[in-house]
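Please open the model in your viewer and keep the sequence panel visible beside it. The tour below goes from one selection to the next and says what is to be found at each stop.

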Amino acid sequence: MIDSMNSSGQNKHSFHFYVSELVFVAFFVLSAVLLATSSGGFVLNFERIGFSVVSSLQKGVSAVSTGVKDSVNAIQELSRIKKENAILVEKLKNYEYFQRNNTEINKENERLREQLGFSTKIEQKNYPAQIIGRNTDNLYSTFTINKGGRVGIKKNMPVIAIQNGQIGLVGKIVAVGAETSMILPIFDTKCTVSARIQTTRDIGLVSGTGSDDKALSMRYIKKRVLEELNYGDTIVTSGENGNYLRDITIGTISKITVLDYDSSLDIEVVPIIDFSRLESVIVADLKELNPNLVNTSN
C-alpha cells in the first residue's frame, strides 16, 4: 500500500514537471514573439521578403511590357519609313521625268532657234517645218511634213536642214497637200542631184542607193582627178539647173573605186544628215527672196 502511494506521488510530481516545462517554453516563445513584434523586426523582415518578390514580378512584367512596346514601335516606325521611302522614290521618279522633259524641251528650243536663225539669213523665202510621218520601205522612201500649199509650198522645192550645227541637203518636195507635203530624200534611188567636189570643183551626179543607212553614189568624176581626191572631202550642191541651192553640203567621200571599164570614178558619199534623227526641215522657194532679209536690209 505504501508502495502504491509512493508510485502515485512520483507520477503526480512528473506530470507537474512536464506542465511547468511546457508553460515555460510557451511563455518563452510568446515573449520572443512579443519582443520581435514590439521592435518591428519581424514585420520588417516580412515586408522585405514580400517587397522583393513583388518587385521581381513587377520588374519582369515591366521588361516584357517594354519589349513588346518597343517591338510594336519598331514595326510602326519601319512601316512609316517604308511609306516615306515609297513617297520619296515616286518624287524622285517625277523629278527625273521632269528633268528629262526639261532637257528635251531645251534641246528642241535650241534646234528651233538654230533653224529660225538660219531661215532668216538665207536669201530665198523659206518655210520651216516638222516631220510628222515617214515611209522608208525599199520601193519608195518619203517624209511627210506639217506644212503644205496653204502656206506657199510647191512641188520640186528643195529641202534642207540644220543638224549638229551643219547645214545639209535633205531632198525635194514631190507632193503637196493643203496642210502637208511629201519629201523625196536624197538617199532614194529616184533622187539625183547635181553636185561638186568642194576642193577640186569637179562636177558630177549624186544618187541615192535606197536606204538611209547606206552611202550615196557619185558618178561622172573623171579618173584624172584621182590623185587630188581624199577621203573626207566634202561634196556640195552645184546649184545648176535651178533645182537646189548652191553649195549646200550633201556629204563626204568615204570610198573611191577605179573601174577598168569606165572612164569615171565610182565614189561613195556618206550623207551629212543623219536621216534617222531628222526632226525638222526648211523648204526653200528659189523663185522668191526672203522677206525677212529684205526688211533687214531696208
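## A loop aspartate and its partners

Begin by selecting Asp247, which is partly exposed, with a relative accessible area of 37%. Bear in mind throughout that this is a predicted model. Asp247 is placed in the loop between strand S9 (234-237) and strand S10 (249-258), and its phi is positive, at about 60°, although Asp247 is not a glycine. As background to that angle, most residues other than glycine have a negative phi.

Next, add Arg201 to the selection and display both side chains: Asp247 and Arg201 meet in a salt bridge, at 3.5 Å from N to O. Because Asp247 lies in the loop between S9 and S10 while Arg201 lies in the loop between S6 and S7, the pair ties together parts that are 46 residues apart in sequence. Arg201 is partly exposed, with a relative accessible area of 33%, and it has a positive phi of about 70° without being a glycine.

Now include Arg246, which forms a salt bridge with Asp247, the closest N and O atoms being 3.8 Å apart. Arg246 is exposed, with a relative accessible area of 51%. Through the partners that these salt bridges share, Arg201, Arg246 and Asp247 are joined into one network.

## Another salt bridge between loops

A search of the whole structure finds eight salt bridges, and a further one to display is that between Arg150 and Glu179, where the closest N and O atoms are 2.4 Å apart. Arg150 lies in the loop between S2 and strand S3 (158-163) and Glu179 in the loop between strand S4 (166-176) and S5, so this pair connects parts that are 29 residues apart in sequence. Arg150 is exposed, with a relative accessible area of 63%, whereas Glu179 counts as partly exposed at 45%.

## The phenylalanine cluster

Move on to Phe143, Phe187 and Phe275, which ring pairs link into a cluster. Three aromatic pairs are found in the whole structure. In one of them, the rings of Phe143 and Phe275 have their centres 6.3 Å apart and their planes at 35°, so the pair is tilted. Phe143 belongs to strand S2 (residues 141-145) and Phe275 to the loop between strand S11 (264-271) and strand S12 (280-289), 132 residues apart. Both Phe143 and Phe275 are buried.

Turn then to Phe187 and Phe275, an edge-to-face pair with 4.9 Å from centre to centre and 75° between the planes. Since Phe187 lies in the loop between strand S5 (181-185) and strand S6 (192-197), and Phe275 in the loop between S11 and S12, the pair ties together parts that are 88 residues apart in sequence. Phe187 counts as buried, at 1% relative accessibility. Before leaving the cluster, show Arg134 as well, whose charged end sits over the ring of Phe143, 5.0 Å from its centre.

## A buried aspartate

Select Asp285, in strand S12. Which side chain of opposite charge is nearest to Asp285? It is Lys154, 4.7 Å away, and Asp285 is buried yet has no salt bridge. Leaving aside residues up to four places away in sequence, Asp285 touches Gln124, Lys125, Tyr127 and Met157.

## The whole chain

Finally, zoom out to the full protein chain, which has three helices and 12 strands. Of its 298 residues, 29% count as buried.

Note on methods. Residues numbered from 1 in each chain as written. Predicted model: local features only at pLDDT ≥ 70, side-chain atom pairs only at ≥ 80, totals over all residues. Heavy atoms only, no water. Helix = DSSP H or I, 4+ residues; strand = E, 2+ residues; numbered from the N terminus. Buried < 20%, exposed > 50% of the residue type's maximum accessible area, 1.4 Å probe, protein only. Phe/Tyr/Trp six-rings, centres within 6.5 Å; stacked < 30°, edge-to-face > 60°. Lys NZ or Arg CZ within 6 Å of the ring centre and 35° of its normal. Lys, Arg positive; Asp, Glu negative; His and termini not counted. Salt bridge = Lys/Arg side-chain N within 4 Å of Asp/Glu carboxyl O. Contact = heavy atoms within 4.5 Å.
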